[in-house]
2 protein chains.
Amino acid sequence: MEFLKVDTVAAARRKLLDSAKGWLGAAELLPIEEAPGRILAEDVYAPEDIPSFRRSTVDGYAVVSGDTAAAGESMPVFLNVKGSVEMGKTAAFSISRGECGEVPTGGMLPEGADAVVMVEYTEAFGGEGVAMYQSAAYGENVVQTGEDAGAGDRLLPKGKTLLPQDIGALAAAGVVEVSVYKKPRITILSTGDELISPAAYPAPGQIRDINTYALAALAEKNGYLVVGKSVLPDDEGALERTIREGMKTSDVVAVSGGSSQGKKDLTREIIDRASSPGVYTHGMAIKPGKPTILGYDDASHTLLSGLPGHPVSAMMVFELLFGWLLREITGGGQAPFIPARISSNVPTSPGRLTCWPVRLEWAEGGMTADPVFGKSGLITTLTKAGGYFVVDRDTEGLKAGETVKVYLF
Amino acid sequence: MEFLKVDTVAAARRKLLDSAKGWLGAAELLPIEEAPGRILAEDVYAPEDIPSFRRSTVDGYAVVSGDTAAAGESMPVFLNVKGSVEMGKTAAFSISRGECGEVPTGGMLPEGADAVVMVEYTEAFGGEGVAMYQSAAYGENVVQTGEDAGAGDRLLPKGKTLLPQDIGALAAAGVVEVSVYKKPRITILSTGDELISPAAYPAPGQIRDINTYALAALAEKNGYLVVGKSVLPDDEGALERTIREGMKTSDVVAVSGGSSQGKKDLTREIIDRASSPGVYTHGMAIKPGKPTILGYDDASHTLLSGLPGHPVSAMMVFELLFGWLLREITGGGQAPFIPARISSNVPTSPGRLTCWPVRLEWAEGGMTADPVFGKSGLITTLTKAGGYFVVDRDTEGLKAGETVKVYLF
């Protein structure tokens, strides 16, 4: 058995980012209807003022605000109605002192007007006169030209994950196609002579494959596009052929399994042989997930990874490496988290970063994180958890009541 | 103008739920690969023990734990190797006191063994003897039969949104198809003579349609399936025809727009005419979003809603009514939230529930929510926010430093 240096998570991330920089992170143009949840690959600017004219926010009368200064409930101000604005049309008249114009919610203010008095505070009489029982300050009940966004303003920043309101803002600006980061393509392989399809019934010694299912869902959740998925026996030739195939169609090939030392070594050797410069991380100081391998093939631009066979370990490592990588490449920044107090002491492994699944509960005035204790081979450890927190490798255990950052699953 | 009773949000929700109960919430069977993010429509039980045999979690030797009790670094215990277990196969031998069996990580324990000693703490010599330099407690390095889930155990509860690990757990249990709630079908209409397509250039008085884009994305995010989407002028006949068409294909028809009082009344009248028993909520005590209409057609099983025209109002109302409804129907429970301290005082409207968009920031030891102040007609009020909090109608304003529950957009 070779003794190979184990990387810290920080070192492994640095190497992973170095090998992905420059080629992972291509952009594609998408119609805005298809862009929710995608990450903007460039800043978006408002090409013109939004709105492009002054709009009323109420049903009422557009006025010169100074005219209404003296208006009150017992002392109305009388104005002449110059005209009525139609929705969606130019205000076909302008007003001067002593005049006003009827305007619907969303309608354009006529030239000369600078405020709107709500219809509830007015009384029309005769054909052309209206009494105002309330004053309007300059700009009151008006959305100014460019108030939502001015021409040339940055509407949305590069790196933003597009929310429904962002799609609305793009529509408002007339941006109907948007440049977003392409989803990196990933092939997920699971190896082991003991693995059978979930549709089959296990004979003694066999278990159903969990990892291609859980990792594919996790990869999609993290913004990857799963282009291939297979379960393989522990067969050197078959594994190497399938990895090489995956490298042709994928940006990432992730192989989980090879739990025993011999199989882990084999996976590492195959990845190293199939790629150049090859494997650069031979293990990672993380719990669970130590037997993590990372490598890179420069010719095909493929990241290669050997993930642990235990489902909890494989998922945590995927999240911490490939989830992190995509946020880093796209400028998506830190994952959102919920601060919570842990409900019990948790041990850590000095020198190794530790991931703790937790159940979140809201208790009087604060959020509590209950650590879910369980072996990393048990998938139900994770189904009982709503999120996880990470303890740095330099921290020596946490006491009940300390606050941690919980990342939601 | 009729004076109609305005509902509290709680009352409107109760009516909405009453009219949706019993028919919204049908289930469908999906392959587990297509089920991530969907909501379980029934409890899922483990049909058999997972795993179905005792597995080793390490590479090592399966032993009778009692045999190793005296083992130590300077005083090994010597055992006879009875055989070697192959991955994915039945252990073809059993062991008795004084014996052990080689077993790989994930391999089956031979009968008679009750613990595993890691290979690192052993030394093989000759062909059939091995020295143990560490003791193993009963059950050490073993996953017991049914330890992940026992036959008949509830694996996942009805109402759970399926996460990647849940898909993994279903695979482990051999459940390859799962019953999830169908996505309710929704038609989204936006009305207004001022509205043009985002692809067009607005003439004075015109603005681009925001609401069908933002609401469609929001509806999808909340688990609805958008089956129709149109922008219409303020034309009574066209609106009625389109609503009636939508009722044939949809579980929900939502009409946003009709900002002016006359248009609002018209939308309400059309919805009331097109449905039976018709409109039951004629306005809602919420800010922003007061002009919200709710109705129901019993014959076609359609929920009908008139949403405010202002995009911020329309989105907040959709979230609070239709986002809430689906969680309620499916048992999804409360939306996840982040507790945060508000950074400034916020005014409220007594008697009305108030929604405040906020920017979230992590500051030393806690999460801060900065209220984003802005008119509800400005979509950029929401693009600057990461979430929102809700102030109950009985609360009279909040002071800086108070903790609120922030729901993420």
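Six salt bridges are found across the interface of chain B and chain A, a salt bridge being a side-chain nitrogen of Lys or Arg within 4 Å of a carboxyl oxygen of Asp or Glu. The model is predicted, so local features need pLDDT of at least 70 and side-chain atom pairs count only at pLDDT 80 or more, while totals for chains, interfaces and linings use all residues. Residues are numbered from 1 along each chain as its sequence is written, chains are lettered from A in the order in which they are written, and side-chain values use heavy atoms, with hydrogens and water left out.

**The interface**

Chain B and chain A each give 76 residues to the contact, where contact means heavy atoms within 4.5 Å. About 6,400 Å² is buried between the two chains, 65% of it from carbon and sulfur atoms; buried area is the accessible area (1.4 Å probe) that two parts lose on being put together, summed over both. Asp148(B), Pro164(B) and Gln165(B) supply 10% of the area that chain B buries against chain A, more than any other three residues.

The rule also finds 20 residue pairs in polar contact across the interface, both residues at pLDDT 80 or more. A polar contact is a pair of N or O atoms within 3.5 Å; within protein, one must be able to donate a hydrogen and the other to accept it, and residues adjacent in sequence count only if both atoms are side-chain atoms. On the side of chain B that touches chain A, α3(B) gives the largest share, eight residues. Helices (H or I, at least four residues) and strands (E, at least two) are DSSP runs, numbered from the N terminus.

**Salt bridges**

The whole structure holds 34 salt bridges over all chains. Four of them are listed here.

| Pair | Closest N to O |
|---|---|
| Lys375(B) and Glu147(A) | 3.0 Å |
| Glu147(B) and Lys375(A) | 3.1 Å |
| Asp67(A) and Arg97(A) | 2.6 Å |
| Arg273(A) and Glu236(A) | 2.9 Å |

Glu147(B) lies in the loop between β10 and β11 of chain B, and Lys375(A) in the loop between β24 (366-371) and α7 (380-383) of chain A, so this pair joins two chains. Glu147(B) is partly exposed, at 30% relative accessible area; the classes are buried under 20%, exposed over 50% and partly exposed in between (1.4 Å probe, protein chains only).

Within chain A, Asp67(A) counts as buried at 14% relative accessibility, whereas its partner Arg97(A) counts as exposed at 60%. Arg273(A) is in helix α5 (residues 261-274) and Glu236(A) in helix α4 (residues 236-249) of chain A, so their pair ties together parts that are 37 residues apart in sequence.

**Two residues of chain A**

Thr348(A) lies in the loop between β22 (337-342) and β23 (353-363) of chain A and counts as buried at 18% relative accessibility. Its side chain reaches the backbone oxygen of Thr395(A) at 3.1 Å, and the backbone nitrogen of Gly397(A) lies 2.7 Å from a polar atom of that side chain.

Trp362(A) is found in strand β23 of chain A and counts as partly exposed at 33% relative accessibility. Leaving aside neighbours within four places in sequence, Trp362(A) is in contact with Met367(A), Phe337(B), Pro339(B) and Lys405(B).
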